Amino acid sequence: MAAMDALTGDPLVGFNFELDVAGKAKGYFTEVSGISSENEVTEHKIVGKGDKEAVRKIPGRLKWGDITFKRGITANMDFWKWRKEVETGKVSGARSNCTITMYDQAGSPVAKWNLEAAWPSKITGPSLSTESSAVGVEELTVVCEGFEREM
């Protein structure tokens with residue numbers, strides 16, 4: 001019955017997302033994008049039966065997507081400090097295993113991704129204007145050497 005529920009269940013709805021950087025930073029975000037893995041595709045020319053030429057596509061190098069987090073700017077400086085480690089050349093110290101947890105509207109975790117050897121490649125502050133009453137948004141881009149979806 002559990003397998004049937006997995007096939008017919010409703011799609012998960014993400015209300016907010018938590019990024020937990022092992023011992024360095026922890027925060028909540030309203031948008032996360034770029035959680036992906038892909039292989040480059042290598043084309044290999046082959047000659048099949050009857051001397052018929054074809055192209056076989058085979059998996060090439062594996063790469064992981066850059067993950068972008070967005071949220072309204074807060075007073076918390078943990079992610080800015082984590083990025084500063086990379087800016088000052090301490091990349092090996094900045095590399096950390098991280099967890100992204102997606103929560104539903106009731107605050108229950110519904111999905112989780114564990115990132116390996118992640119570090120912040122970019123951080124962006126809000127666009128500032130006195131003519132707007134919009135919330136200032138900061139962005140954090142994290143790169144990693146692999147991830148696994150847990151739930």
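Two strands pair if DSSP finds at least two bridges between them, and strands themselves are DSSP runs (E, at least two residues) numbered from the N terminus. With that in hand, this predicted model can be read through strand β8, which spans residues 109-124.

**Pairing around β8**

In the antiparallel sense, β8 pairs with β10, a strand of residues 147-149, over three bridges, and there the bridge partner of L115 is F147. The table sets out the pairings of β8 together with one bridge from each.

| Partner of β8 | Sense | Bridges | One bridge pair |
|---|---|---|---|
| β7 | antiparallel | seven | S96 and A118 |
| β9 | antiparallel | five | T124 and E139 |
| β10 | antiparallel | three | L115 and F147 |

Between β7 and β8 the hairpin has five residues, and in this hairpin G107 takes a positive phi near 85°.

**The largest nonpolar core**

In soluble globular proteins, nonpolar side chains tend to be buried together. In this model the largest nonpolar core holds 25 residues, of which L19, F69, F79, W82, L115, L140 and V142 touch the most other members. At least two residues of this core come from each of β1 (16-21), β2 (25-29), β6 (67-72), α2 (78-87), β7 (96-103), β8 (109-124) and β9 (137-143), with β8 giving the most, namely six residues. The contacts of L140, leaving aside residues up to four places away in sequence, are L19, F29, I67, T68, F69, F79, W82, P120, K122 and I123.

**Two buried polar residues**

S96 lies in strand β7 and counts as buried because its relative accessible area of 8% falls under the 20% limit. Apart from residues up to four places away in sequence, S96 touches V21, K24, W82, L115, E116, A117 and A118; among these, A118 is also the bridge partner of S96 in β8.

R83, whose place is in helix α2, has a relative accessible area of 15%, and R83 is therefore buried under the same 20% limit. A polar atom of the R83 side chain lies 3.0 Å from the backbone oxygen of P120, and, with residues up to four places away in sequence not counted, R83 touches P120, S121, K122 and I123. Of these residues, P120, K122 and I123 are also touched by L140, so named above among the core members with the most contacts to other members.

Conventions:
Residues numbered from 1 in each chain as written. Predicted model: local features only at pLDDT ≥ 70, side-chain atom pairs only at ≥ 80, totals over all residues. Heavy atoms only, no water. Core = buried A, V, L, I, M, F, W, Y, C linked by side-chain atoms within 4.5 Å. Buried < 20%, exposed > 50% of the residue type's maximum accessible area, 1.4 Å probe, protein only. Helix = DSSP H or I, 4+ residues; strand = E, 2+ residues; numbered from the N terminus. Contact = heavy atoms within 4.5 Å. Polar contact = N/O pair within 3.5 Å; in protein donor to acceptor, adjacent residues only side chain to side chain.
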